[in-house]
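Please open the model in a viewer and keep the selection panel at hand. The tour proceeds by successive selections, from the overall chain to a single residue.

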Amino acid sequence: MSSRTPTWRSIPITNLGTTKTTVLNKTGDWRTFRPEVDVDKCIQCGTCVTYCPEGVIKIADMGVEIDYYFCKGCGVCANECPVKAIEMVKEEK
Ligand code: SF4
Ligand code: SF4
């Protein structure tokens, strides 16, 4: 294999809160269900931040914040939350 041939190692890691799918494409428009955090259950472990494929969750002073302009409603955060503090609620459009 040529040294110029790209491998999986050359693919940038994007799930580190550094980027959204695209800044121009507000993926929040895709959403059918939206994640809502129960602040009384949340232990601020950061698991949802790590797993969100869009990098749109952060832990702020007031707790977990989700950027709904870019959250696409995939539900990964709710699935991975160890204390089930995130509920996927149907969007009303
Ligand atoms: S994974 Fe659950 S408990 Fe952990 S920070 Fe996210 S919402 Fe809170
Ligand atoms: S549903 Fe959760 S994991 Fe999926 S994009 Fe929205 S915040 Fe991220």
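## The chain as a whole

Begin with the entire protein in this predicted model: among contacts with a separation of 6 or more, 72% link residues 24 or more positions apart. Colour the chain by secondary structure next. Two helices and four strands appear, and their order from the N terminus is β-α-β-β-α-β. Of the 93 residues, 18% count as buried.

## The hairpin

Select residues 57-60, strand β2, together with residues 63-66, strand β3. These strands pair in the antiparallel sense over four bridges and form a hairpin with two residues between them. To inspect one of the bridges, display Ile57 of β2 and its bridge partner in β3, Ile66.

## The nonpolar core

Keep Ile57 and Ile66 selected, since both belong to the largest nonpolar core, a set of twelve residues. Add the other members: Cys48, Cys52, Val56, Val64, Phe70, Cys71, Cys77, Cys81, Ala85 and Ile86. From this set, pick Ala85 and show its contacts. Beyond its neighbours within four places in sequence, Ala85 is in contact with Val37, Asp38, Lys41 and Cys42.

## Cys77

Which helix holds Cys77? Select residues 76-80, helix α2, and Cys77 will be found there. Why does Cys77 count as buried? Cys77 does so because 26 other C-beta atoms lie within 10 Å, where 20 or more suffice.

Now display the partners of Cys77. Leaving out residues up to four places away in sequence, Cys77 touches Pro35, Cys48, Tyr51, Cys52, Ile57 and Ile86. For Ile57, which is 20 residues from Cys77 along the chain, draw a distance between the C-alpha atoms: the separation is 9.0 Å.

## The two ligands

Select ligand 1 and the residues around it. The shell has 13 residues, the closest being Cys42, Cys45, Thr47, Cys48 and Cys81. Colour the shell of ligand 1 by residue class to see ten nonpolar, three polar and no charged residues. Cys48 and Cys81 have already been displayed as members of the core, and Cys42 as a contact of Ala85.

Move to ligand 2. This ligand is also surrounded by 13 residues, with Cys52, Cys71, Cys74, Val76 and Cys77 the closest. Here the shell divides into nine nonpolar, two polar and two charged residues. Cys52, Cys71 and Cys77 are again members of the nonpolar core, and Cys77 brings the tour back to helix α2.

Technical notes:
Residues numbered from 1 in each chain as written. Chains lettered and ligands numbered in written order. Predicted model: local features only at pLDDT ≥ 70, side-chain atom pairs only at ≥ 80, totals over all residues. Near = placed C-beta within 6 Å. Nonpolar A, V, L, I, M, F, W, Y, C, P; charged D, E, K, R; others polar. Core = buried A, V, L, I, M, F, W, Y, C linked by C-beta atoms within 7 Å. Contact = placed C-beta atoms within 7 Å. Pairing = 2+ DSSP bridges.
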